[in-house]
Every structure is written in structure tokens, then in C-alpha cells.
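Here's a quick look at how two helices pack together and at the closed spaces inside this protein.

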Amino acid sequence: MAKLPASVTLKAQMLPEYARILTPAALALVAELHRRFDGERLRLLGLRESRAKRFNKGELPDFLPETKSIRDGSWVVAPIPADLQDRRVEITGPTDRKMVINALNSGARVFMTDFEDSNSPTWDNMIRGQINLNDRWSGAMEHVDAETGKRYIMGKKPAVLTVRPRGWHLPESHVLVDGKTVSGALFDFGLCFFHNAKTAIAQGSGPYFYLPKMESHLEARLWNSVFVFAQSYLGLPLGSIKATVLIETLPAAFEMDEIIYELREHMAGLNCGRWDYIFSFIKTFASNRNYILPDRSQVVMSKAFLAAYSALLIKTCHRRQAFAMGGMAAQIPNRKDYLANEAALDKVRADKESEARNGHDGTWVAHPDLVPVAMRVFNEMMPTPNQLYVRRDDVVVGQKQLLAVHKGTKTEAGFRENIRVGVRYLESWLRGRGAVPIYNLMEDAATAEISRSQIWQWLKFGAALDTGTKVTRKFFDTCVTEEMKQVRKEVGDEAYANGRFKEAVSIFKAMSTSKNFETFLTLPAYKRIL
């Protein structure tokens, strides 16, 4: 490998194939991004902590009085490129090569390749993911399965590629600049942008990104500053980058107008990141007994705070001429069980019909087999490329609606499923797999976060379950022991013995029973895969 830029240190194995990604020039951009923007990133993470403390003392999220003029203004976003005008079905998934090719060939309009929640951030995963993106634009995108010998190759009309870098809170601990750990977000963005932006533009597309986990418009302002600098660094015009922001935290829902405004030169839309949003709702009110949710299966998009947030997102986006993307259909088709498969497809159809009817411009799926199902719904209900004309002036959503709690039950079955799903996902994540099929759903990191945060809150307040049982530490420990026996049966003795279940159980129990609520499960877990 060529000599590294000054004060850049790699603390990781270097394989020959990594060299074309970890070039001195690309790492120089990452270093410059770190030096210019990491201080502000850390300051904003500090503001998150301060606000979380206020929420723990009983303060409720609300719209910001100091930005009322932005919400009341008549501004709109800059024009959005032609290849992002029709986004009726988007598929998402991790950055492994076979998945990338299958997603690009799936028939979806857009593919969001993911360095974040559906990707375990091992060093090899992160760098090979960058190689895969580079190969997509160079036209060298093919793969031969080592077990079957089957050859996969990108088709002539691939889905439009967008990239989700890691959130502001996540580090890339294998890279140091001036002795300091680099932000995972800046690392992922910097490498992808450096290697692919000009090529993507030359081929009629552009450097398109999905931005996760933001909690305020100030964090959007930071991304905008990064974009402005990066475009100048490569000599690209302002607005070459287009970004869709996932609204997957409760505080961000109160700042949607402001987030769009900060990124207005680079804005392509907002997305209902529903699973992380549920986690964020629980996290925000972890210490408030008035906001305890029922089982996850009962926290549905058509009711309470989720329905309000979806409707407000559509109204806000369309007022600003930005696209409002629907949420994930996580169901996995079951090719071995006809009835189970039809039941899953019926759920997907109903979910997508609701989104199209409400005014969304497109939706997410996690499996190629669901693309035709979602596409059929949007083709029938949205004959135009998008629904920017659906203004939703009927929507009146305030603080009360955005904080409305779903009615439902807290069941022992749901409590136990949280344990099984959380541990099973975490064990796969520790082994390098971030998108995991569990009980006919494609789960990502939000799954484990919902599971452990719900258990933490129910433990804190001694929630009463439908069986009359009170949730205590003793009950939790008993359930963990019993449910791990069930998991062993599900995965098999050999897989259980050779897996990382002992570590997964240890982390899950620690996070579910900690004295203070830990902000993200993936932060301590990351130390186990370095």
C-alpha cells in the first residue's frame, strides 16, 4: 500500500484488494473532513446528551419557537434530478456483493445500500462494501457464489444507487487522524464520495445519500457543511449531492421543516424510518411511566404517534417539493409454506396501499420478492411519477398527536419474543451479519434496540403483563434462561455451540438491566468486533 497521508493511522488488517479504496488521496479527504467537522460533530452529540437529561426529568419534545419563521415560510427545495423523480419502490440491504447485485437487478426504482443498521461494521464489511460501490460504477459488478458456482452480474438497467453512511454517533475505530478516532459517518461518506461522485454524474446519476439517526436541524446543518466542502474539494457544483433524510428519531419529527431547510440545496426527501422511530420513542421516554408502549406488534403505523408522524412527514415534504418516502416492509416471503407466504404478502399489500393512499411517493422493501407486490400497489394507486400534488392540507398535527401512545397489551409472549429476537440478532451481528431473517421478518439493528429498550423500561417500572406477572429482574433472568433453550432448538445445537450466543446474551442482559439507559446497543457491541 502507498504511504498514508500525514497523521493518518490505520489500525486494521490490510489486504491487497483494499488498496484501491484506501488510497492516499481518498484518505486525505477523510482526514480533511475529520479536521474540519469532527469538533462540531462531538459538540452536537453533547447537545443530544443534554436534551436526553431534560427528557429524563420530564420535559417533552415540542416544536422549536426560535425556528417558527422557517416553518411558516414559503420556501421550497432545489430541483431534484430526473432519476430521483420516480421512487415508487426502493429496496434496501447491506453492502455484501451478492446482495448489492440482486438489489440492483430487483426491478426496484432505487436501491439504498447500507453501511449502517443492516450492516455489521466489521472492517472487512466496510471496505468490501466500498469496493462493491466502486465496482458498480466501473461496470465490474459480478460475483460467483463459492458454494453453488452461480454467477451474478449487474443488469443493463440497475436501480438508482443511494448510500446510507453510518450515523453521527458511530465511530470508525480502525482509523485515526491526528491520534483521534474518525467518525464512521465521515469515513463512509468520504470514501464513497471520493471514488464515485464524478463517475456517477458522468453516467447520468449522482452522489445520492440516505442520512440516518439525526436528532436536530443542527445535525442536518453539519451534513450540509460537509456536502458543500466535499463538492468544492472535488470541483463539483453546489447541489450535486442529493440526500434523503430518515426521520427515525422522535426529536427530529418536531424539526422536519428545519431539517429540510438546512439541506434545501441538497434535499431529495424524508423517509419514515419506522422501526428506529419506535426505538427512539421508547428511548426518549425510557424514564417516563406515562409513555410505556405495548408489544411491538401492536405499535402499528395506522394509529397513535406513528400515524401522526407519517401524515405530518407527507404534508411537510410536499409543501417543500421534496419526496415523502414510506417505511420498510420487513416481511420475508416463505417459498415453502403457501399459506404463510400469502399471509405475509397480504400484510405488505395492505401496508403499501395505506402509504400510497396517504400520499407517500414511494416505499421500502427488504426482499427482492416483495418488489413486484409493492410495485403493483403503487402502479395502480399512483399513476404519476410521484404525489407531490397531494398537499395533505387536512393534516393538523401538534405535540399531542406526535406523542400519542398506542393502546394495547404488554404480553408475556411479547416479552419473551423480545429476548429471543434481540439475542438472535445480536449474535448474528457479532458474526458480521447485519440483516438477519428471524421469524419471517428481515431484522436489522433497530430490532435489538426495540427489544432491549422495551425490556429496560418494563423492568424499571415493574410493568404488569397480560398474565398478571410483574416484570422483575428475577423474572427476566428466568425468561432469558428458558428462551435460550428455545433458541438452541431453533438454530440447532451445532450452530448454537459454535456461535457467539454467550457474548450476545451477556451484552443483551447488561443493556436491558443497566442502571442508566444506554443510548445505543451498537456502541458497546462494536468493541467486540474490533
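What follows covers one helix pair and then the cavities.

This is a predicted model, where local features need pLDDT of at least 70, side-chain atom pairs count only at pLDDT 80 or more, and totals for chains, interfaces and linings use all residues. Residues are numbered from 1 along each chain as its sequence is written, and side-chain values use heavy atoms, with hydrogens and water left out.

Let's start with the helices (DSSP runs of H or I, at least four residues, numbered from the N terminus). The axes of helix 4 (residues 123-138) and helix 5 (residues 184-202) come within 9 Å and cross at roughly 10 degrees. Helix 4 and helix 5 are therefore roughly parallel (an angle under 35 degrees). Where they meet (heavy atoms within 4.5 Å), helix 4 offers residues including Trp123 and Trp137, and helix 5 residues including Phe187 and Ala200.

Now the cavities: sets of points on a 1 Å grid where a 1.4 Å probe fits but cannot get out, lined by residues with an atom within 4 Å of a point. A volume is the space filled by probe spheres set on the points. The structure holds 4 cavities of 30 Å³ or more.

| Cavity | Volume |
|---|---|
| Largest cavity | about 160 Å³ |
| Second largest cavity | about 70 Å³ |

Nearest the centre of the largest cavity are Glu116, Asp117, Leu170, Trp429 and Thr522, out of 18 lining residues. For the second largest cavity, the lining includes Trp137, Cys192 and Asn196, and helix 5 gives the most, with 5 residues.

Technical notes
Axes are lines fitted to C-alpha atoms, for helices over the stretch in contact, and angles run from 0 to 180 degrees between N-to-C directions. Helices (H or I, at least four residues) and strands (E, at least two) are DSSP runs, numbered from the N terminus. Angles under 35 degrees count as roughly parallel, over 145 as roughly antiparallel, 65 to 115 as roughly perpendicular and the rest as oblique. On a 1 Å grid over the protein atoms alone, a cavity is a set of points where a 1.4 Å probe fits but cannot get out, and a pocket is an open set with protein on both sides within 12 Å along at least five of seven lines; lining residues have an atom within 4 Å of a point.
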